[in-house]
Amino acid sequence: MPSIAISKRPYTAVLIVPTGIGAAVGGYAGDALPVARAIAEVVDTLITHPNVLNGAQLYWPMPNALYVEGYGLDQFAAGSWGLSPVHRNRIGLLLDQAIEPDLRWRHLQAADAVRATLGLDLADYVITDEPVGVELRQAPSGATWGTVQRPGTLLRGAEKLLQAGAEAIAVVARFPDETDEVALQNYRQGQGVDPLAGAEAVISHLIVRQFQVPCAHAPALSPLPLDPALSPKSAAEEIGHTFLPCVLAGLSRAPKFVEPTAKTAHTIWADQVDAAIVPASACGGSGVLHFGQNSTQIIAVEENTTTLNVTPELLGINAIRVRSYLAAIGVMAAHKAGVNARALSSHLAPIKPSK
Amino acid sequence: MTTHFITAEIDLTETPEPLSKAVEAELQKRGEPLRWAVTQVDEATQTAQVEAVVTADA
């Protein structure tokens, strides 16, 4: 656990790996979680989103990492919302009516497992009054997106949970089993773009936008047949019946979203963010664009290739380019230490007069 | 409420305002923005392609 000298302000970093863009690191089953763990050891506060921290059955609680849903992260980056850390959230579980009985039981048992074995606080669960109706698509860019036929049923279910005392919402929607066979096979090999990811983001965004509460989503899917060639990067999603445990673990301590009028000594705001680490080819999201407008240092990681080609230079964003996440961690360590990163290399040119 | 996947094009040279504001304004013409990103930039024409999901009241 990093210590904070009284005279220093906390070093705050935001790690962004957008979902549904085939990110080489983080585009699979929580495979950016090791990056988050390493960064969390160097910074005082790490803010990141469910796609980074969710590994289905696998997760890693970090006392200085904040689990912030993507829509909430965008609002935070824009300065519209602040983050208020909590000790504990009561989680409301919202299950899609379309989930068949056996699969629904698996999710309820996963919920009971985290209640008994992790001590998480869950409210009585709600089933949506209609099937959610998830639709998947792939856009011209190669990114995956999705739409929802009945967003109203999600919002009504979430409202019921919040009125019953829930402080964070875990949504489980039934996703189609008959997706693109080639895309699924690629994903299981740790290649290509996650066909489900874009739709998942839309589901949680709907709830966060409406209710301003922490939310995360786990897809309900039928189990896949054994594949001995399964990639390690995708393996975490094939060791259990659900994708739910990581979502419940993350939501249990996800920070509340607060308005600028509710600033306290403990709330965190975008102008306190020292660094935002993003894939170098995926700089066009709302969050990155906002961070790029203030004093946050954008660190663009080249090794984390995606299906996009939206670089900081193309958008006029001033960024430090690094090859790898290891190098990004080095940049932040130097920044936090007050050291010019150039002084760490073998050659330093003499100081010049200004022009 | 309904959700819709849409694409839009933003002229990067047109306004001095931040790109995020220009994108939100363009998307607001089609619905309430829910999720969006610039997914392609044409350097020659200085245009940005945006992919987005917006919501509309049914």
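Student: How do you know which strands of chain B helix α7 of chain A lies across?

Tutor: Helix α7 (residues 197-211) of chain A lies across β1, β2 and β3 of chain B. Its direction is about 130° to β2(B). Axes are lines fitted to C-alpha atoms, for helices over the stretch in contact, and angles run from 0 to 180 degrees between N-to-C directions. Contact means that C-beta atoms, placed from the backbone, lie within 7 Å. The model is predicted: local features need pLDDT of at least 70, side-chain atom pairs count only at pLDDT 80 or more, and totals for chains, interfaces and linings use all residues. Residues are numbered from 1 along each chain as its sequence is written, while chains are lettered from A and ligands numbered from 1 in the order in which they are written.

Student: Why are β1 and β2 of chain B called edge strands?

Tutor: Each pairs on one side only. The open sheet has three strands in the order β1-β3-β2 (chain B), with antiparallel pairing. On average, neighbouring strands are turned by 20° against each other, direction ignored.

Student: What makes β2(B) and β3(B) a pair?

Tutor: Pairing takes at least two DSSP bridges between two strands. β2(B) and β3(B) are joined by nine and run antiparallel, so they pair under that rule. P33(B), for one, has V54(B) in β3(B) as its bridge partner. Strands themselves are DSSP runs (E, at least two residues), helices too (H or I, at least four), numbered from the N terminus.

Student: How many residues of each chain are in contact between chains A and B?

Tutor: On chain B, 19 residues are in contact with 25 residues of chain A. Elements giving two or more residues to this side of chain B are β1 (2-11), α1 (19-28), β2 (32-42) and β3 (47-56). β2(B) has the largest share, eight residues. By class, this side holds ten nonpolar, six polar and three charged residues. Ala, Val, Leu, Ile, Met, Phe, Trp, Tyr, Cys and Pro count as nonpolar, Asp, Glu, Lys and Arg as charged, and the others, Gly among them, as polar.

Student: What are the domains of chain A?

Tutor: Domain 1 is 12-85 + 268-344, and domain 2 is 91-256. The bounds come from an automatic or database domain assignment. Their C-alpha centres lie 23 Å apart.

Student: Which element gives the most to the side of domain 1 of chain A that touches domain 2?

Tutor: 30 residues of domain 1 are in contact with 38 of domain 2. α3(A) gives the most to the domain 1 side, with three residues. That side divides into 16 nonpolar, twelve polar and two charged residues.

Key
Two residues are in contact if their C-beta atoms, placed from the backbone, lie within 7 Å.
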